[in-house]
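Could you walk me through this model in my viewer, one selection at a time? I am new to it, so please explain the terms along the way.

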Amino acid sequence: MTVFGPLGPSLANYVRSSKTLHRWLKPVSLWYANLAGYRRMGLKYDDLLVEERFDVQKALGRLNAREAYDRAFRIKRASHASVVHADLPKDEWVSASEDKRYLKPHVLEVVNEDLERQKWDNLTVSRHR
Amino acid sequence: MLRASTTTVRNSTRLARSFATVVDSASGVKVAAIDNGQPTSAVTFLVKAGSRFENKPGVAHALKNFAFKSTNTRSALGTVRESELYGGVLTSSLSREHLALTAEFLRGDEEYFVDVLASFITGARLPRHELNELVLPLVEADSVAASNDPTTKALEAAHTIAFRHGLGASLFATQHPSFTIDDIKTFATSAFSSGNIAVLGTGIDQAKLSKLVEKFLGKIPSSSSAATPSTKYYGGETRVESTNPLQTVFIGFGTTGAPSNDLAALASHVAPEPHVKWSKGISPISEATPSGTTVQTVYLPYSDATLFGVLIQGENAADTKTAAQAVVKVLKSQVSETDAKKAVAKAKFRAASEADSRDGVVSLLGNKVFAGADASIETTLSSFDAVTPSSISSAASKLLKTKPTYVVVGDITALPYADEVGL
């Protein structure tokens with residue numbers, strides 16, 4: 001289990017559940033996401049997920065054809081932007097509304113399947129009659 | 001001594017209950033159960049989701065392999081592991097008319113297993129990734145195995161040219177199927193409704209089974225039974241190239257309408273299987289059949305049609321041709337009084353011994369349970385008493401007037417054409 005990064009433990013749900021915290025921290029998160037600069041390279045947040053893991057690899061296999069193609073295109077475009085040391089033209093930036101977590105639900109699904117397998121593998125059985 | 005006598009008494013009371021009464025449960029699902037006192041129970045959910053009902057080729061095959069995958073109550077892994085803990089066996093099988101979901105288990109575990117079967121009917125999730133990761137590899141393996149088996153290949157081709165649509169649809173998806181998960185979902189929603197489901201139990205009490213079905217299938221959408229255009233018989237000839245060393249010839253005839261016992265008796269009359277081991281048998285077919293060549297009869301009754309035929313398989317085309325000619329000669333000859341009596345007894349024994357096995361009970365009574373008819377094994381067997389030599393002869397002559405279904409699989413340059421075997 002990762003400690004840091006998009007797959008690690010997160011306080012996001014706690015923040016979302018509190019109205020005050022949410023109101024205070026939302027602008028900070030928007031500022032941070034823009035500052036991180038990945039949107040200027042035409043990437044979505046889920047494109048940054050560490051993909052050299054079995055569960056993320058499996059989740060990537062579960063994207064539909066359109067999502068998989070778009071992801072490959074964004075990464076290719078961003079690699080090119082990196083090579084030429086320039087951001088993309090502004091009309092190609094990813095807006096906050098487009099920055100959807102398209103991969104995370106699949107990753108969570110795979111993680112839950114792995115946890116369930118662990119549960120069944122380490123089960124102690126007692127039968128009630 | 002005393003113990004022995006009490007067991008006999010107990011067994012006899014149990015044996016008395018060897019028929020199934022079809023009961024419509026409140027949800028509209030038909031329930032029938034037979035309890036012969038076996039140590040294990042089995043419950044089969046019979047769904048009218050066979051290949052004749054499918055909306056796109058291969059969808060029924062995919063749905064069969066989707067059985068026991070994730071549902072709203074359990075994941076695919078959970079279903080398997082939990083059933084292992086109970087020591088049960090889950091199987092799904094597909095015929096041209098029905099998808100059969102079966103659970104076999106120890107007495108006492110019926111509540112869990114009926115729940116497993118019912119949860120696939122009421123809450124199958126059918127996610128796209130399971131189709132790609134779990135189901136399509138199974139579908140492909142089934143299809144590859146079927147395409148390498150000359151018997152299956154011959155029967156598939158025979159169904160297609162005999163019935164064309166409906167019953168003619170293949171049981172197997174092609175190796176690169178064109179259906180999507182949405183096709184499977186549409187098919188499943190239309191099939192999983194009350195009029196299309198019958199529940200058959202063996203080794204389980206009728207009342208108990210009805211109660212469980214009520215509990216787990218209570219909220220199923222109601223519908224009338226799925227209907228397809230009634231089957232028409234066409235017939236014809238087809239030749240399929242195959243590199244399998246077994247040379248196969250199938251000579252078949254089809255009839256439409258409810259299957260008759262005359263044909264079952266005719267099938268037993270033609271069947272050349274010996275009655276004792278290591279003997280060739282006394283039928284004229286087995287005398288004319290060269291060694292290394294096998295002849296078996298195929299009798300496939302469906303709800304509104306029957307495919308009757310003979311499958312001849314040999315190591316070389318010449319031997320197969322000789323055997324096929326002998327078969328046609330027997331089919332065209334008159335059935336004598338003694339032969340007819342033998343054939344009826346044999347057919348009755350076949351049906352009775354089929355009823356001994358669980359799969360046999362399902363295939364024997366499945367259509368009757370759907371029709372709501374008297375689904376007892378006794379009436380099924382006693383109906384053979386109406387078969388007479390003249391009825392067998394007239395059934396045979398009626399068959400021979402129709403266009404035969406003739407299929408060869410193997411070396412198509414050497415295997416005989418229909419007119420060469422006397423058809």
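Start by selecting chain B: of its 423 residues, 46% are buried, where buried means that 20 or more other C-beta atoms, placed from the backbone, lie within 10 Å of the residue's own, exposed means 12 or fewer, and partly exposed is in between. What you have open is a predicted model, in which local features need pLDDT of at least 70 and side-chain atom pairs count only at pLDDT 80 or more, while totals for chains, interfaces and linings use all residues. Residues are numbered from 1 along each chain as its sequence is written, and chains are lettered from A and ligands numbered from 1 in the order in which they are written.

**Chain B as a whole**

Keep chain B selected and turn on the cartoon. You will find 15 helices and 11 strands; these are DSSP runs numbered from the N terminus, with helices (H or I) of at least four residues and strands (E) of at least two. Along the principal axes, the C-alpha trace of chain B spans about 60 × 60 × 40 Å. The radius of gyration of chain B is 23 Å, which agrees with the value near 22 Å for a compact globule of 423 residues; this radius is taken over C-alpha atoms, and the globule rule is 2.2 Å times the number of residues to the power 0.38.

Now colour by confidence. The average pLDDT of chain B is 89, and 95% of the residues score at least 70; pLDDT is the predictor's confidence in each residue, from 0 to 100. Then select residues 1–17 of chain B, where pLDDT stays under 50.

**A stop at B:Glu130**

Next, select B:Glu130, which sits in helix H5 (residues 128–147) of chain B. Is B:Glu130 buried or exposed? B:Glu130 has 20 C-beta neighbours inside 10 Å, so it counts as buried. Leaving aside residues up to four places away in sequence, B:Glu130 touches B:Lys69, B:Ser70, B:Ala76 and B:Val135; two residues are in contact if their C-beta atoms, placed from the backbone, lie within 7 Å. For a long view across the chain, add B:Ser336: it is 206 residues from B:Glu130 in sequence and 58 Å away in space, C-alpha to C-alpha.

**Over to chain A**

Select chain A, which has 5 helices and 0 strands. Its radius of gyration is 19 Å, well over the 14 Å that the globule rule gives for 129 residues, so chain A is more spread out than a compact globule. The C-alpha atoms of chain A fill a box of roughly 70 × 40 × 25 Å along the principal axes, and buried residues make up 9% of the 129 residues. Among the elements of chain A, helix H4 (residues 65–83) has the highest mean pLDDT, 96, and helix H1 (residues 12–17) the lowest, 88.

**Where the chains meet**

Show both chains together. Here 6 residues of chain A are in contact with 6 residues of chain B. On the side of chain A that touches chain B, 2 residues are nonpolar, none are polar and 4 are charged; Ala, Val, Leu, Ile, Met, Phe, Trp, Tyr, Cys and Pro count as nonpolar, Asp, Glu, Lys and Arg as charged, and the others, Gly among them, as polar.

Finally, select helix H5 (residues 104–121) of chain A and helix H3 (residues 76–86) of chain B. They pack at an angle of about 10 degrees, with their axes 10 Å apart; axes are lines fitted to C-alpha atoms, for helices over the stretch in contact, and angles run from 0 to 180 degrees between N-to-C directions. H5(A) and H3(B) are therefore roughly parallel to each other, the word for angles under 35 degrees, with over 145 roughly antiparallel, 65 to 115 roughly perpendicular and the rest oblique. Show the side chains of A:Glu116, A:Arg117 and A:Trp120, which meet B:Leu77, B:Gly78 and B:Arg81.
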